[in-house]
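Colleague: Could you walk me through one part of this model in detail? I would like a close look at the place where the two chains meet.

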Amino acid sequence: MGPLAGARGVIVLVAEGLRKRFGANEAVAGVSLAVEPGEMLALIGPNGAGKSTCFNMLGGQLRPDAGEVRLADRVVTGLAPRHLAHLGVGRTFQITASFASMTVRENVQTALLAQKRQAWRFWQAADAQHVGLAEGLLARVGMASQAERPAGVLAYGDLKRLELAMALAGDPVLLLMDEPTAGMAPAERAALMALVRGIARERGVAVLFTEHDMDVVFGQADRVLVLDRGRLIAQGTPEAVRADPRVRAVYLGTAA
Amino acid sequence: MDLIFLQLLTGLAGASTLFLVAAGLTVIFGVTRVVNFSHGSLYMLGAFIAWSLLSRLPREPEYFVLGVLGAAVATAAIGAVLEVVLLRRIYRAPELLQLLATFGVVLVVQDVALWIWGAVDLSLSRPRWLRGAVEIAGLRFPFYDLVLIVVGPAVLGGLLLLFHRTRWGLLVRAATQDRDMVAALGVDQRVLFTSVFALGAGLAGLGGALALPQGSANLNMDLSVIAEAFVVVVVGGMGSLGGAFLAALLIGVLQAFGIALVPKITLVLVFLVMAAVLVVRPHGLLGKPQAMARGEVEALAPIRQAGPALQLLGAVALVLAILAPFVAGPYLLSVLTEAAVAVLFAASLHVMMGPGGMASFGHAAWFGVGAYAAAFAAKGLGAEMAVGLLLAPFAAGGLALLVGAFVVRMSGVYLAMLTLAFAQIAWAVAFQWVEVTGGDNGVLGVWPDSWAADKPTMYWLALLLCVGGALVLRRALFAPFGFALRATRDSALRAEAIGLDAHRLRLAAFVLAGAGAGLSGAVFAYAKGSVFPTYMAIPHSVDALVMVLLGGVQTMAGPVVGAVTFTVLQSWLLMGDFWRIKLGLLIIALVLAFPTGIAGAAAAAWDRWRGRAA
């Protein structure tokens with residue numbers, strides 16, 4: 001378990017006044033948010049609203065022009081992704097990224113070795129390390145039967161599950177999932193997000209995700225943040241956000 | 001003051017020919033995405049053909065122009081033939097194999113040129129008008145330098161007009177942006193590619209022809225110019241004509257002043273400038289980040305531990321190797337010693353090339369550093385062999401740490417070119433620093449201690465150190481380090497997200513590869529009793545590449561199979577005259593026949609056979 005997991009009510013992640021400008025375009029213009037342990041927080045908004053930029057600033061891929069990101073009470077603004085990983089931030093990507101030259105189990109073992117800072121060992125056989133832990137994680141995401149398959153040949157939905165297992169290898173306090181269900185069939189989407197939700201609850205992991213599919217958002221999120229043109233225009237429970245006229249205006253184009 | 005001015009002029013003149021070669025290289029790369037190693041050979045052919053024409057034509061200026069243009073056109077025609085016969089077949093092959101195939105062409109052309117023009121340097125007896133000088137502001141400038149200085153910008157202007165004012169140029173620029181889109185628009189790509197290649201070849205030929213009056217046509221000019229052209233193209237930015245021009249000016253002037261002021265370290269100076277430019281602008285002066293190269297989306301075959309059958313085969317081979325001295329004669333034993341050295345040389349390259357995903361075209365540099373370190377220990381310190389064998393991997397690994405800190409930031413062909421440029425510099429240092437290295441004469445008398453002086457003992461020692469070293473490297477590749485390294489290659493994004501430091505892992509692989517090659521170099525030095533600059537030369541780097549690619553990059557047994565096969569081939573088939581043409585044709589044939597290497601092809605065949613049997 002990470003340092004904060006389980007301590008309900010403590011804030012896992014806080015972002016304050018994040019800004020990012022690309023040339024003349026202010027992609028994110030002052031976004032603040034906070035995530036609690038075990039919470040499923042969805043970040044939504046139309047194309048170009050600044051979701052990915054926001055996400056990449058939280059995940060360390062982009063450095064914000066202004067603002068601060070804190071993990072527990074530690075300022076982590078602009079830290080590289082690999083440092084965030086060691087501080088308990090798990091990450092999945094919109095375009096799946098796994099290690100194609102390894103088996104599914106080896107992918108998770110590599111993630112475990114990396115997270116336990118054991119990558120700089122030159123002698124023991126890597127595929128004998130953390131076998132039990134790796135198989136446990138794979139079982140949790142429903143991939144136990146595919147452990148020995150090469151990761152390069154997996155079906156898309158299974159790759160997403162593998163990525164989830166790898167993100168969990170570091171016992172994260174926070175999962176950042178960028179479009180976790182993109183490219184999946186509707187039934188698969190609901191199953192994957194139900195799985196994520198179950199894991200978030202049992203481990204006290206906070207999950208921040210972006211999503212296009214409104215059924216997934218309103219079915220699985222505890223709280224929803226709505227971005228438009230780089231600003232937060234609404235936040236609250238799914239019901240409240242669904243009813244919010246500003247959100248309806250952004251999505252449906254009707255006057256507020 | 002006058003000297004500075006004259007030197008500047010010399011630099012600008014040199015920059016012009018350099019630009020012509022680099023422009024051809026960069027235009028060809030832009031459209032076909034092939035890094036044409038044989039571009040230097042086309043330059044050399046341009047010079048030889050120009051010599052043949054100009055030494056027969058009358059000596060008036062108009063015939064000189066005619067001869068130079070004739071050489072350029074002839075080279076362009078040779079380029080077109082080369083494209084149709086060879087390159088067209090390998091556009092879809094992995095980048096590295098393309099480079100290797102074009103190196104095969106380098107070898108073939110060398111022997112063809114040797115056969116036609118002989119081994120003697122051919123210089124032109126220059127007519128008086130060419131030797132003249134022009135007086136400007138009280139200073140006398142060599143007339144021909146001024147001609148060259150004008151040619152560079154003129155050709156740049158002509159090319160820019162061609163690319164921006166003609167329909168053909170429009171297509172070339174479009175293809176540089178997005179090949180598939182141009183194909184989808186119904187343009188006949190084959191004609192476009194052939195004509196672009198011919199243009200690039202013609203530019204190289206023109207460069208060679210224009211360089212002739214100031215030097216000579218000789219068999220060394222291909223590899224020396226290609227290293228410089230790589231530097232220019234990388235500094236300027238791959239695919240950028242303007243960048244190539246700026247970089248050629250920079251490098252040309254730098255070389256001219258370097259030779260005048262600090263002749264010994266000119267090449268080091270060039271490398272440092274290149275390093276500085278790339279630190280500030282990783283894609284070169286005017287280069288843009290490359291659109292995703294095909295290599296990055298290539299499916300990566302899973303790497304498996306050898307099964308019991310293969311392990312047994314390996315063990316049997318090892319036992320046979322250990323017993324060999326009881327049956328083998330002295331010649332066979334020396335071939336086997338070389339094979340053992342080659343195994344570690346190839347295995348060390350494989351560490352960075354396979355799991356590390358970093359192809360090196362200058363691996364011989366580390367081999368040579370190790371060999372010279374051993375020579376230094378033996379002759380300079382008068383130390384026992386053990387000292388030399390210990391010093392070598394640390395010397396090579398230490399230098400690899402310095403160079404690697406900079407090189408591993410790059411990827412793909414940039415990285416390959418940088419390693420080549422560095423190796424060329426290491427070679428030049430060994431060649432020029434006569435007081436320490438003995439220059440071309442090498443260091444002789446690097447003999448093993450008396451206990452290892454007989455052939456069988458030296459062979460066993462080589463086997464122990466080199467095969468043992470290769471097994472240690474293999475062990476590291478299946479250890480957490482190897483998995484982490486492979487992770488950074490498979491997906492840098494994911495590797496960082498799980499907490500891996502990709503830069504340090506790649507650097508460690510680079511250092512490990514350097515240290516392994518250094519040890520193999522030291523063993524070789526003691527086995528042969530001598531060390532020469534050729535240990536570091538480009539052909540030796542290519543030997544390592546051929547071994548790894550011959551065996552297959554994506555299999556762990558590959559480098560071993562490749563090293564042994566290559567050494568045996570070299571010892572029996574490739575001896576005597578015209579070995580280059582045989583080796584070159586062999587490389588080309590192998591690239592065409594086995595794009596995944598011998599071990600790769602064998603593994604695939606084995607899987608098919610098992611699939612049928614099951």
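**The contact between chain B and chain A**

Modeller: Happily! Please keep in mind that this is a predicted model. Chain B and chain A together bury about 2900 Å², and carbon and sulfur atoms account for 66% of that area. On the chain B side 31 residues take part, and chain A brings 33 residues to the contact.

Some of the pairing is polar or charged. Between chain B and chain A, 14 residue pairs are in polar contact, both partners being at pLDDT 80 or more. Three salt bridges cross the interface of chain B and chain A. One of them joins B:D501 to A:R82, with 3.4 Å between the closest N and O atoms.

Which helices supply the side of chain B that touches chain A? At least two residues each come from α19 (455–478), α20 (480–490), α21 (492–497) and α22 (502–528) of chain B. The largest share, eight residues, belongs to α20(B). Sorted by class, this side of chain B holds 21 nonpolar, two polar and eight charged residues.

Now for the partner, chain A. Chain A has nine helices and ten strands. Its radius of gyration is 18 Å, close to the 18 Å given by the globule rule for 256 residues, so chain A is as compact as a globular protein of that length. Along the principal axes, the C-alpha atoms of chain A fill a box of roughly 60 × 40 × 40 Å. Of its 256 residues, 54% count as buried. Among contacts in chain A with a separation of 6 or more, 67% link residues 24 or more positions apart.

Technical notes. Residues numbered from 1 in each chain as written. Chains lettered and ligands numbered in written order. Predicted model: local features only at pLDDT ≥ 70, side-chain atom pairs only at ≥ 80, totals over all residues. Heavy atoms only, no water. Contact = heavy atoms within 4.5 Å. Buried area = accessible area lost by both parts, 1.4 Å probe. Salt bridge = Lys/Arg side-chain N within 4 Å of Asp/Glu carboxyl O. Polar contact = N/O pair within 3.5 Å; in protein donor to acceptor, adjacent residues only side chain to side chain. Helix = DSSP H or I, 4+ residues; strand = E, 2+ residues; numbered from the N terminus. Nonpolar A, V, L, I, M, F, W, Y, C, P; charged D, E, K, R; others polar. Rg over C-alpha atoms; globule rule 2.2 N^0.38 Å. Buried < 20%, exposed > 50% of the residue type's maximum accessible area, 1.4 Å probe, protein only.
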